[in-house]
Amino acid sequence: MTIPQQEPHGGYGCGAAPYGDVQATASAPFQGRESLIRRPAASRMLAGFVFLCAGLMLLYLGYMLHVLDPALPVAAPLCVVGALSLFLGIAMLRRRTVFDARGIHSRGLLRTVHLPWPDSRAGFIVVLAAGERGSVPVVEVGTAGHRTRLSAPRVSSQTRLEAEVDAIWAWALTRGYARETMPALRARQSADPRAAQAIPSMGAVPRALPVDQTLLAHEPLILKDKPNWHGLIPNIVILVFLCILALPAVLGPERTPHAFAGVFREDGTLRLSGGFWMLLVVAVGSLVNNLHHIVRARTTISREGLVLAGWRTRRVAWPPSSSYFFVRSRRYFGHTEASAWLLDPAGLALRVPGTARFSKHEDQALLAAAAAAQTIWEWGVSRAVAYDDGGYSPVPDEAVEQERRANGRRIAYLTSRGSQALRSSTRLM
């Protein structure tokens, strides 16, 4: 989460070591090619072919029916449905991304976007986007302060997509199409080979991220998330609506207004189903959970360690390395929530309350959460209770570890690209 020391590079091939060694096996099948073509998943291509054939058949059928009987009303709808199917088929089959010496060429439905190779593997960002069957992982390329979503590659797993991007980047480095301007990612002292891609720890370069000096003066340091009172509004509205519907059950059939008499059966019982009462319990539980988080969730930092208070209270000693702090994020309603997490000695990833940061821009949220984690570590360093031994311990959960490395790589890339992003993240602290 800090700016590592820059290392000189003499040409496009010099940065290949960090990723080339790790991904040599993955990139070997296509190292000799001049260009790579990536299309959506095979199932999506098959669906596009089916839509294309169905559209042509429906158009032909509608045309023949019109020729036989121009007054036949079914001919026009068949042509319209056929045209729509043909359009969907072309849209699915047209999408592809070509990687070559000139850059990245992503072809969508109406246009082709041409992008230069980013100056680091961290310029490729795998994010979750809303799809037809829930969230799907997609690849975005960050260039000149903007992000462009690629039409391909598209796979069902975020872990597999990260590995695919690693292989493409290693292929580009091997052929000299791209260069790695980030410093070499050195392997940590760990038996797990995944540590070779770990981002340097936060303690490598102090104050690489903005640290709130006023917080460093507090002892103990207590971190709480900003109360999200606006987030309670939907819960309250739903709960009030359900309570109004359930009001006749409290008043009884004798005192209920005549306009609501129909909600009772002949025996005087309410006509509300069991699903209604279940929905009412869920609404109440959601409101209580949000209120509990606002009132109780906090992190208390002392010389003995960290106390993470939520539904459960966990006491964690100071970790042996700042790399045990990392950032996770999620997107919802067009915003990104990023927060600091801590890997405890048992290998369990724990969320650190009081470090959640929200922003419309994912990069700003990541930097702000990383700055919060940096503040915690600097607090311990300033009191000589935290020491960085340079070690790295991977998370046992592969998906969490993949997200940890991807976010850490992105944060290191952003902090090395100037102070504009850092100033934006400071406003979220």
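Student: What share of the contacts in the protein with a separation of 6 or more comes from residues 24 or more positions apart?

Tutor: This is a predicted model, so every value here is computed from it. The protein has 429 residues. Among contacts with a separation of 6 or more, the share from residues 24 or more positions apart is 64%.

Student: How many helices and strands does the protein have?

Tutor: Count each kind of element along the chain. Helix 10, for one, covers residues 398-415. Strand 11, for another, covers residues 313-316. The totals are 11 helices and 15 strands.

Student: What percentage of the residues is buried?

Tutor: Buried means under 20% relative accessible area. Arg 410 meets that cut-off, with 6%. Over the 429 residues of the protein, the buried part is 45%.

Student: Which residues have the most contacts inside the largest nonpolar core?

Tutor: This core has 26 residues. Elements that give it two or more residues include strand 12 (325-332), strand 13 (335-343) and helix 9 (362-382). The residues with the most contacts inside the core are Ile 301, Leu 306, Trp 318, Phe 325, Phe 326, Leu 342 and Ile 376.

Student: How many residues are in the other core, the one with Val 139 and Trp 169?

Tutor: That core lies apart from the largest one. Tyr 177 and Ala 178 are also among its members. Its count of residues is 20.

Student: Is Trp 117 buried or exposed?

Tutor: Trp 117 sits in the loop between strand 4 and strand 5. Its contacts beyond four places in sequence include Trp 169, Tyr 177 and Ala 178. Its relative accessibility is 12%, and the cut-off for buried is under 20%. Trp 117 is therefore buried.

Student: What distance separates the C-alpha atoms of Trp 117 and Ile 104?

Tutor: The two residues are 13 apart along the chain. Ile 104 is one of the contacts of Trp 117. Their C-alpha atoms are separated by 6.5 Å.

Student: In what sense do strand 10 and strand 11 pair?

Tutor: A hairpin of 3 residues joins the two strands. Val 307 stands opposite Arg 315 in strand 11. The pairing runs over 4 bridges, and its sense is antiparallel.

Student: Which residue lies 4.4 Å from His 335, C-alpha to C-alpha?

Tutor: His 335 lies in strand 13. Beyond four places in sequence, His 335 is in contact with Arg 330, Ser 359 and Lys 360. The partner at 4.4 Å is 25 residues away along the chain. That partner is Lys 360.

Student: Which residues are in contact with Arg 410, leaving aside its neighbours within four places in sequence?

Tutor: Arg 410 belongs to helix 10. Arg 410 is buried, because its relative accessibility is 6% and the cut-off is under 20%. Its contacts are Ala 122, Gly 123, Ile 125, Arg 147, Asp 363 and Leu 366.

Student: How many disulfides does a search of the whole structure find?

Tutor: A disulfide is a covalent bond between the sulfur atoms of two cysteines. Cys 53 is partly exposed at 29%, and Cys 79 is partly exposed at 25%. The search covers the whole structure, and the number of disulfides found is 0.

Student: Which element gives the largest share of the lining of the largest pocket?

Tutor: The largest pocket holds about 1,600 Å³ of space. Its lining has 50 residues, and His 293, Glu 337, Arg 351, Ala 356 and Phe 358 are the closest to its centre. The largest share of that lining is 6 residues, and it comes from helix 8.

Student: What is the omega of the cis peptide bond from Glu 219 to Pro 220?

Tutor: Pro 220 is in the loop between helix 6 and strand 8. A cis bond also runs from Ala 152 to Pro 153, with omega near 5°. For the bond from Glu 219 to Pro 220, omega is near -5°.

Student: What is the phi of Ala 384?

Tutor: Ala 384 lies in the loop between helix 9 and helix 10. At 46% relative accessibility, this residue counts as partly exposed. Ala 384 is not a glycine, yet its phi is positive, at about 60°.

Note on methods
Residues are numbered from 1 along each chain as its sequence is written. This is a predicted model: local features need pLDDT of at least 70, side-chain atom pairs count only at pLDDT 80 or more; totals for chains, interfaces and linings use all residues. Side-chain values use heavy atoms; hydrogens and water are left out. Buried means under 20% relative accessible area, exposed over 50%, partly exposed in between (1.4 Å probe, protein chains only). Contact means heavy atoms within 4.5 Å. A nonpolar core is a set of buried Ala, Val, Leu, Ile, Met, Phe, Trp, Tyr and Cys residues joined through side-chain atoms within 4.5 Å. Two strands pair if DSSP finds at least two bridges between them. A disulfide is a pair of cysteine sulfur atoms within 2.5 Å. On a 1 Å grid over the protein atoms alone, a cavity is a set of points where a 1.4 Å probe fits but cannot get out, and a pocket is an open set with protein on both sides within 12 Å along at least five of seven lines; lining residues have an atom within 4 Å of a point. Grid points are joined across faces, edges and corners, and a volume is the space filled by probe spheres set on the points.
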